[in-house]
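This report describes the fold of a single chain, from its strands and helices to selected residues. The sequence and the structure are shown here.

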Amino acid sequence: MLKEKVIFCYLLLFRVVFAIFKLSPQKQKVTIVTSFEENAWYLHQEMVKQKVPFKVIFLCKPSLLKGFNEKFGEASIIPFETPNFIYWCKGIYHLATSQAVIVDNYYAFLSVVTFKKNVECIQIWHAAGALKKFGLEDKTIVNRSNVAIKRFKKVYENFHKVVVGSEAMANIFLDSFGLSKKNILRTGIPRTDFFYEKEEQAEVKQYFYQKYPVLANKKLILYAPTFRDMELDQYDIQLDINQMYHALKDDYLLLIKLHPAVKNNHNYQKLYPDFVYDFSEYRGINELLVIVDFLISDYSSVPFEYALLNKPMIFYPYDLDLYQKERGVIPDYIQEVPGPVVFGTAEIIRLIKNNQFNLERIREFSHKWNEYSVGKSSSNLISYVINKVH
């Protein structure tokens, strides 16, 4: 109850400040609100390449600010959703006076703002596909108050367009956000352009092998599980790393990339210094996908992009029945995923040692979920935005 009151007061203030700034003249400007770096980076590169005829403002999470400032050069970057009142007001001003707004996540402020009539809010969701339920389809929504559910729906109503990489994902968005087909924008997912850039991938490999020479000498296994809502602060990896260490240490290394929302309470890299490398703090994940030979995941969206590389993956949904009951996963999960589904570490070890995977099944999976993400997604989206703004 207290949390809802705090949210209500915050959003009420946001609405008032937005309404005041909305009285200002509209600018030839696009504002991008981002919680993740990769989509924003590829859009930035494309806008520089196309020399867009409008100003671009990035509103980013404070935790991303350092990386953005290092990588985005002269771009206008402002920390968003910060206690700093001046930055907070600047962010709202840009949102209220832009001709287009691009977001990459759920943002509660969208429930209380009404953009000018010619403004389009474009959602570039941070997942290229979905194995777990989210939005209105998330089973945990029954635990939310009616006020919260109403707020969710208002946010989704402000997604005037949602970028998709496939019809499969478009259909999921229709249900998860309560949208209609007119809201779907079939440009492809910007960050997937990386998987078509061979030179950029070669540079990534060179960087990792220079910084971590040991990575070049062994086969690499990446474990990238999704988060569990009740385990964000107390997450225990369910792999038997000791078992994997004794079975695989001679020829393999295990890389761990936990979800950004998860706090890792165990230093596995210290326990197994010649076998485990924890990249949970590494920004993004696509670069890691390029260097690894095997992916182990569960309900994460990582496999949808990894499939573009056509490399083996193993699915380890150790809590499938419970997760299906509490959160929800797609129908026919076991048949849908493009790799073996296992429930124990011994099975994972056997599969990796035998290295027998159906790569054709991975190609079919990628074709289904990445049909519009074919290397021109950033260009497609920026061209669309230019036509809207210019």
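## Strand β1 and its partners

β1, helix α2 (residues 38-50) and β2 form a right-handed β-α-β unit. Right-handed here means that, with the strands pointing away from the viewer, the path from the first strand over the helix to the second runs clockwise. The model is predicted: local features need pLDDT of at least 70, side-chain atom pairs count only at pLDDT 80 or more, and totals for chains, interfaces and linings use all residues. Residues are numbered from 1 along each chain as its sequence is written, and side-chain values use heavy atoms, with hydrogens and water left out.

Helices (H or I, at least four residues) and strands (E, at least two) are DSSP runs, numbered from the N terminus. Two strands count as paired if DSSP finds at least two bridges between them. The table gives three parallel pairings.

| Strands | Bridges | Bridge partners or opposite residues |
|---|---|---|
| β1 (29-34) and β2 (55-60) | 6 bridges | K29 and K55 |
| β1 (29-34) and β4 (100-103) | 4 bridges | T31 and V101 |
| β8 (219-223) and β9 (252-256) | 5 bridges | L220 and L253 |

Strand β1 (residues 29-34) is mostly covered, with 6 of its 6 residues buried. Buried means under 20% relative accessible area, exposed over 50%, and partly exposed in between (1.4 Å probe, protein chains only). In a regular strand the side chains alternate between the two faces of the sheet. In β1, K29, T31 and V33 point one way, while V30, I32 and T34 point the other way, and all are buried.

## The sheet around β8

An open sheet is made of 5 strands in the order β10-β9-β8-β11-β12, with parallel pairing. β10 (276-278) and β12 (313-315) lie at the edges with a single partner strand each, so one side of each has no neighbour in the sheet. From one strand to the next, the twist averages 20 degrees. Helix α8 (residues 241-248) packs on this sheet and touches β8, β9, β10 and β11 (294-297). The direction of α8 makes about 150 degrees with that of β9. Axes are lines fitted to C-alpha atoms, for helices over the stretch in contact, and angles run from 0 to 180 degrees between N-to-C directions.

## Two buried residues

S373 is placed in the loop between α15 (359-369) and α16 (377-389). S373 has a relative accessible area of 0% and is buried. Leaving out residues up to four places away in sequence, S373 touches G165, G188, I189, T192, Y196 and L308, where contact means heavy atoms within 4.5 Å.

V155 belongs to helix α5 (residues 146-157) and is also buried, at 0% relative accessibility. With residues up to four places away in sequence not counted, V155 touches Y106, Y107, A108, L110 and S111. The C-alpha atoms of V155 and F177 are separated by 8.9 Å, and the two residues are 22 residues apart along the chain.

## The chain as a whole

The chain holds 16 helices and 12 strands. Buried residues account for 54% of its 390 residues. Among contacts with a separation of 6 or more, 72% join residues 24 or more positions apart. The C-alpha trace spans about 65 × 45 × 40 Å along its principal axes.
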